[in-house]
Amino acid sequence: MSLYSITGAQLAFGHVALLDHADFSLEAGERVGLIGRNGAGKSSLLKIVAGLTKPDDGLVTRQQELSTVYVPQEPEFDADVSVFDTVAAGLVDARAHLDEYDAVAHRLAETPEGAEHDALLARMNALQSSLDATDAWNWRTRVSTTLAQIGLDGEARVGALSGGMQKRVALARALVVQPDVLLLDEPTNHLDFDGIRWLEELLAAQRAGLFFITHDRAFLDRVATRIVELDRGRLLSYPGNFSAYQTRKAQQLEVERVENDKFDKLLAQEEVWIRKGVEARRTRSVGRIARLVQMRREQAERRSVQGNVKLDVGQGERSGKIVAELTDVTKRYGVRTVVNRFSTTVMRGDKIGFVGPNGAGKTTLLKLILGALAPDEGTVRVGTNPQVAYFDQMRSQLDQEKSLADTISPGSDWVEVNGTKKHVMSYLGDFLFAPERARSPVKSLSGGERNRLLLARLFARPANVLVLDEPTNDLDIPTLELLEELLTDYEGTVLLVSHDRAFLDNVVTSVIASEGAGNWREYVGGFTDWQVQSERSQQIAEQAAAKDAAKEAPKDAAPKESAAGRNAQRTVKLSFKEQRELEALPGKIAALEAEQKTIGAQLEDGSIFAKDPQEGARLTERYAAIDDHLLAALERWEELEAKRK
């Protein structure tokens with residue numbers, strides 16, 4: 001039996017039907033990802049399941065005593081309350097029952113036998129059963145255990161925490177309840193890569209039913225066991241993760257297109273027939289006329305797929321070949337070093353992703369590259385003719401009181417993109433803003449709509465350097481995919497900060513990653529390539545450190561050998577096979593080093609990833625594999641040399 005189900009649900013705001021006779025059910029242990037366009041009604045559906053709102057019509061069925069916890073996209077806390085008390089607030093009902101149990105127990109002790117005594121005894125028994133069922137007796141232990149699992153300090157003040165840590169507090173407050181159904185709205189917002197990976201592992205281990213909204217495709221692939229899409233008022237279910245959904249969705253849209261084409265062709269034939277007039281009346285086909293009326297009604301009611309955003313960035317004049325050159329750059333804030341002796345050269349056409357935990361200094365490094373921030377040490381040389389368009393993750397460039405039209409084109413009704421003039425209403429329509437909303441203030445927009453407006457403003461200005469600081473927040477999946485395509489084809493330079501792993505993999509050709517203590521390092525390839533290379537480098541460093549430690553071990557710690565043992569060691573000789581192997585090793589090592597150098601030269605400018613992504617990925621894997629082969633060959637050479645001597 002389903003934990004929760006909705007049948008024939010209807011919900012509308014104004015003339016827009018968000019739910020149109022929609023059906024949905026959630027089974028025990030399922031992890032269902034809800035996707036759909038911005039404004040489709042995803043958050044409204046989540047609130048219906050949470051019991052915070054009701055549909056206009058439809059049947060809602062839920063299991064008796066079903067425990068449901070909803071974590072909103074932007075949870076609100078009292079900034080002055082401790083983390084422990086904030087998480088314990090999730091058990092407010094259990095604690096209220098515990099307080100009532102104590103009060104009833106005291107009254108019972110003071111009440112003589114009689115009707116009131118019996119009523120109090122019955123109430124105390126009911127409360128005890130409830131407290132036993134929810135394990136409310138040990139609520140303090142539950143809170144402490146949950147804080148330990150999630151890695152939170154119960155004594156810390158909530159207001160002093162970062163956005164990512166506050167998101168963890170919200171999840172802890174939900175999980176301490178041990179709900180049957182956990183509802184999450186954009187759970188990855190404000191989390192860095194480590195936080196997202198932690199959340200993936202946490203949710204995969206949960207026994208509760210999970211229903212969540214996210215636009216993070218990698219997160220959907222790793223967590224979801226079923227995808228539900230809210231599309232034109234209907235809820236469509238696809239078993240499996242996001243990759244499986246993409247395949248089935250493409251097939252479904254093709255079938256829908258073919259069926260609509262057939263329907264429209266038949267309708268056109270019937271329209272020709274009815275216009276013959278006299279012949280139509282002579283045939284007296286009342287049923288055929290009635291069918292035509294019905295077909296006209298069906299076509300009018302058909303809700304076509306919502307158009308996608310039309311993205312086109314204004315191309316500025318070409319910048320110099322070198323966009324920026326950093327040499328031993330250091331930047332400090334107080335005693336904290338954010339960038340430590342970092343050097344790099346950004347060339348025209350580079351697409352670079354900046355990755356690292358929240359607060360690592362990604363935005364600071366961006367500003368150093370652009371020359372907007374002076375380094376404390378080292379030199380920054382900015383190239384010639386940079387025309388920078390900057391996308392701000394905090395949306396501080398948007399005036400909340402201005403209208404959409406004035407935000408795009410202040411004091412004019414026209415926008416010029418790539419030499420073509422376009423009316424501001426038409427341009428806003430390209431970004432899915434209806435003409436009647438052009439005069440609405442920015443403050444009336446949702447988070448996703450504000451991001452779309454910021455993109456519209458950004459792309460209306462000619463630029464040869466695009467700086468995008470978290471552009472993917474709140475954007476729906478179709479818009480994300482279109483933005484990926486635009487940035488891939490863009491001929492200028494792209495500097496990108498994002499926590500969307502799929503977006504980074506599909507756009508960037510190199511990654512500059514934080515390695516702690518203000519140290520930054522550049523890697524060839526996308527996010528996945530960076531992970532592979534970083535892990536490989538760490539393994540090699542650990543192996544080298546272990547070898548150095550073994551070499552530096554005190555000589556007197558080694559066991560004393562007898563004279564006979566030393567003589568026996570001196571008389572050990574290499575076998576014929578080992579001697580041949582030792583002679584061949586220098587040539588093998590030289591060949592591996594030459595091959596690695598050749599591959600490094602191919603990967604250095606990143607163009608291979610634009611021309612042939614599969615070959616780029618293969619070369620990256622081969623480059624990493626050569627490191628292993630070299631390490632093994634060098635260790636074997638040292639072993640044979642030691643044996644020979």
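**Exercise 1.** Which backbone nitrogen lies 2.8 Å from a polar atom of the side chain of D529? Find this atom, and then describe the surroundings of D529.

*Solution.* This is a predicted model, in which local features need pLDDT of at least 70 and side-chain atom pairs count only at pLDDT 80 or more, while totals for chains, interfaces and linings use all residues. Residues are numbered from 1 along each chain as its sequence is written, and side-chain values use heavy atoms, with hydrogens and water left out. Begin with the helix: D529 lies in α18, residues 527-551 (helices are DSSP runs of H or I with at least four residues, and strands are runs of E with at least two, numbered from the N terminus). The nitrogen sought belongs to the backbone of G526. Next, D529 is buried (under 20% relative accessible area with a 1.4 Å probe, protein chains only). It has no salt bridge (a side-chain nitrogen of Lys or Arg within 4 Å of a carboxyl oxygen of Asp or Glu), and the nearest side chain of opposite charge, R536, is 11 Å away.

**Exercise 2.** Which strands pair with β10, and in what sense?

*Solution.* Two strands pair if DSSP finds at least two bridges between them. First, β10 (residues 322-333) runs antiparallel to β11 (residues 336-347), and eight bridges join them; here V329 has F342 as its bridge partner. These two strands form a hairpin with two residues between them, and G334 in the turn has a positive phi of about 70°. Then turn to β13 (residues 377-382), which pairs with β10 over five bridges, again in the antiparallel sense, with R381 as the bridge partner of E325.

Definitions and conventions. Buried means under 20% relative accessible area, exposed over 50%, partly exposed in between (1.4 Å probe, protein chains only). Lys and Arg count as positive and Asp and Glu as negative; His and the chain ends are not counted. A polar contact is a pair of N or O atoms within 3.5 Å; within protein, one must be able to donate a hydrogen and the other to accept it, and residues adjacent in sequence count only if both atoms are side-chain atoms.
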